[in-house]
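Please find below some comments for a colleague who wishes to go through the model contact by contact. They are arranged as numbered points.

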Protein chains: 2
Amino acid sequence: MPVSPPLTHPFDQAIALAAQDSHSFSGATSPAYWNMIGPFGGITAAIALNAVLQHSQLLGEPISLTVNYAGPVAEGPFTARARPARTNRSTQHWWVELVQTDANGDEQVSTTATVVTAARRPTWSASDAPMPDAAAPDTLARAVRPGKLAAWLARYEVRPLQGDIPQHWDGQASADSLSRWWLRDDPPRPLDFAALTAMADVFFPRVWLKRATRVPVGTVSMTVYFHADSAQLAASGSSHLLAEARAQAFRNGFFDQTGLLWNAQGMLLCSTHQIVYYKE
Amino acid sequence: MPVSPPLTHPFDQAIALAAQDSHSFSGATSPAYWNMIGPFGGITAAIALNAVLQHSQLLGEPISLTVNYAGPVAEGPFTARARPARTNRSTQHWWVELVQTDANGDEQVSTTATVVTAARRPTWSASDAPMPDAAAPDTLARAVRPGKLAAWLARYEVRPLQGDIPQHWDGQASADSLSRWWLRDDPPRPLDFAALTAMADVFFPRVWLKRATRVPVGTVSMTVYFHADSAQLAASGSSHLLAEARAQAFRNGFFDQTGLLWNAQGMLLCSTHQIVYYKE
C-alpha cells in the first residue's frame, strides 16, 4: 500500500484538504500563513485551487483561476466545495466556494472562485513578455519583512530589484507603482500550481508604494492565468521566480494591479491581476 | 406612470432580460451580435453583467466581472441566473450563470461568471496608465470588418492606430501583439457598464496578429475591472474610446491578453484581461 509522504512543508499543511463527500472537503486555517486579521489571500487562493486539484472528476490542469474575497475568514475549520459546472471534451469549468459556520450556526461564504482546467497539447508557442534583465538573487539583499506583523511574511524570501515596500511612511508619492523582485518559498519548496497561485498574491498593495501611506486595503478579486503545465512548474524546482507587478489606476476606493512571474530560466509561468479595495 | 424608452439600439435589445423570479431572467440571443458559430463573447459578458444590474437586491455598482465561456450558446432563448453569494455593508459578491435547455431537455450551463459590486466613495485617486498619444479618430480610416463574416463586427466602429487585423494571412510572425484603436458602438450609444464590458472583448485574437495565421480560437475566461462609476461612464457619452490590448504568452493552446480602455478625455475606464484557446 502506497504511503503518502509526510506533510512537512507549512505550505502543504496550510492547503491540506480532507474529502467529506464527492464535492466537499474540510480544511483549517494555518497560523503559518496568517495575515493581520485573517489568512494571507494567496493561501486562500491556493486552497480554492486545491479543492479542484483534489477533486475526483478533475480533467486536465489549471488554465485560469479567479478568486473573490467575499468576506472575512475566521481562524479555524472551513469547508471547501468544488463542483464542475460544465465538462467538455478537453476543458472543464468549476465553481468553488469556501464556507464557514458563524457563531449563530449559519453558513457564511467567505470566498467564491471559478477555475478552468484543460488538457493542454503542444502547439506553436511564443512570448511577448520577455523576462527583464535582473541581477542574480544571490547578489541582492533579502527584504526585511517582520514576521511578527504578519506570520505569512516569513514564509517568503523576497529579494527586491526595485519597488520594495517603503522604508519611510512619509506620504511622498512615488512616480510609479512597479515592484520587481526574486521570490521563493521559505523554506524552499518545489513549484506547483498551488504554490505559484499563492506567490501571485505576495506583492504588497501598490497603493502603499504609490503613496508611502499605509492605508487599510483588502484584495477583492484575483485572477491567475497559468502559462506553464505541471511538468514545466516541476522543472522550475525550488529556484527563485522573478516577479513584477504594477498598478494601472487608483480611483475612489479601488485599484487594480497586473503582474507577471517568470522562472529563473526566463519562462513566463503565469500572468496575474487583481483589484483591491483601499480606504481614504 | 413612468414609461420606459423604447429599446431602439440593437445592443439594448441584445442584452434585454425579463424577470422570471427573484434570481432568474429570460433572454434570447441576438442576430445583430452573432459571431460565426455563436454570440459575440462581449455580448454574452454584457448579458451576465446585466443579470446583476437588473437584480432587485443589487448593492452598488460593478467593480469586477469574470466571465467564463463554458460551452457553446445555441441560437434562441436562455435563462440568466444571478444570486448574491455574500452581501456586506458596502460590497456584494455574485454568482451568475447562463443556461439553455438542450435537445434532450437537459439544462446545459453555457456561461459562468462572478461579479463584485460596491458602493464607491471619493478617495485619493491616481493613474499609472496614462492614455497614449493618439491621432484624433476623425483623422483615421475606419477598419474594414466584413459584417457578412460575423454580424457583430458591424456593430463596432474601429479606427486603428496600430495593430489592425492582418490584411495578408501570410504566416509572417509579427514582432509584437499590440493593437491600439479608437472604438465605439455603431450606431453610437451612450456608454454604460454593459456596453463597456462588451467593448472589452472587441479585440480580435492576438494570435492572429502575432502569426498572421487564422487558427481557430475561443475565449475561455475574461475579466474586467471597472475604474469608472456610472456617472463617469455617462459623461463619456457616445464618444470614441481609446482601446489597446497585447498578449503576454502563447503556449500550448492558450494565450493571454491584457487591455486598457480610456475615454476621449484620457480617463482610464477599465482594465481587461482574458485567456484564449487556440488550435495548432
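The points that follow take up the interface, the salt bridges, one helix and two single residues.

1. On the status of the coordinates, it should be kept in mind throughout that this is a predicted model.

2. On the extent of the interface, chain B and chain A bury about 5500 Å² between them, with 55% of that area on carbon and sulfur atoms. Within chain B, the residues that lose the most area to chain A are Trp124(B), Asp128(B) and Arg251(B), which together account for 14% of what that side buries. Counted by residues, the contact draws 68 from chain B and 69 from chain A.

3. On polar and charged interactions across the interface, the rule finds 44 residue pairs in polar contact between chain B and chain A, both residues being at pLDDT 80 or more. Strand β6 of chain B, residues 107-118, gives the most to the side of chain B that touches chain A, with eight residues. That side of chain B is made up, by class, of 31 nonpolar, 25 polar and twelve charged residues. The salt bridges between chain B and chain A number two; in a salt bridge between the chains, the side chain of Asp128(A) meets that of Lys210(B) at 2.5 Å, N to O.

4. How many salt bridges does a search of the whole structure find? The search gives 20 over all chains. Within chain A, the side chains of Arg81(A) and Glu107(A) meet in a salt bridge at 2.7 Å, N to O. This pair links distant parts of the chain, since Arg81(A) belongs to strand β4 (residues 77-87) and Glu107(A) to strand β6 (residues 107-118) of chain A, 26 residues apart. Arg81(A) counts as partly exposed because its relative accessibility is 25%, and Glu107(A) likewise counts as partly exposed, at 46% relative accessibility.

5. On a salt bridge between loops of chain A, Arg142(A) pairs with Asp186(A), and their closest N and O atoms are 3.0 Å apart. Arg142(A) sits in the loop between β7 (126-127) and β8 (156-162) of chain A, while Asp186(A) sits in the loop between β9 (179-185) and α3 (193-199), so the pair ties together parts that are 44 residues apart in sequence. Arg142(A) counts as partly exposed at 35% relative accessibility, and Asp186(A) counts as partly exposed at 21%. Also in chain A, a network of salt bridges links Asp12(A), Arg189(A) and Asp192(A).

6. Are the partners in the salt bridge between Arg180(B) and Glu244(B) buried or exposed? The closest N and O atoms of Arg180(B) and Glu244(B) are 2.7 Å apart. The pair links distant parts of the chain, with Arg180(B) in strand β9 (residues 179-185) and Glu244(B) in strand β11 (residues 241-251) of chain B, 64 residues apart. Arg180(B) has a relative accessible area of 15% and is therefore buried, and Glu244(B), at 8% relative accessibility, counts as buried too.

7. On helix α2 of chain A (residues 41-53), a check of its length is possible: at 1.5 Å a residue, its 13 residues should span 18 Å, and its end C-alpha atoms are 18 Å apart, which agrees. Twelve of the 13 residues of α2(A) are buried, so the helix is largely enclosed by the rest of the structure. Among the buried residues are Ile43(A), Ile47(A), Leu49(A), Asn50(A) and Val52(A).

8. On Gln92(A), a residue of strand β5 (residues 91-101) of chain A, the relative accessible area is 2%, so Gln92(A) is buried. A polar atom of the side chain of Gln92(A) lies 2.9 Å from the backbone oxygen of Gln57(A). Not counting residues up to four places away in sequence, Gln92(A) touches several others, including Leu58(A), Leu59(A), Pro84(A), Arg86(A), Val115(A) and Thr117(A).

9. On Ala119(B), which is found in the loop between β6 and β7 (126-127) of chain B, the relative accessible area of 31% makes the residue partly exposed. Leaving aside neighbours within four places in sequence, Ala119(B) is in contact with Gly60(B) and Ser90(B). The C-alpha atoms of Ala119(B) and Asp185(B) are separated by 28 Å, the two residues being 66 residues apart along the chain.

Technical notes. Residues numbered from 1 in each chain as written. Chains lettered and ligands numbered in written order. Predicted model: local features only at pLDDT ≥ 70, side-chain atom pairs only at ≥ 80, totals over all residues. Heavy atoms only, no water. Helix = DSSP H or I, 4+ residues; strand = E, 2+ residues; numbered from the N terminus. Expected span 1.5 Å × (residues − 1). Buried < 20%, exposed > 50% of the residue type's maximum accessible area, 1.4 Å probe, protein only. Contact = heavy atoms within 4.5 Å. Buried area = accessible area lost by both parts, 1.4 Å probe. Salt bridge = Lys/Arg side-chain N within 4 Å of Asp/Glu carboxyl O. Polar contact = N/O pair within 3.5 Å; in protein donor to acceptor, adjacent residues only side chain to side chain. Nonpolar A, V, L, I, M, F, W, Y, C, P; charged D, E, K, R; others polar.
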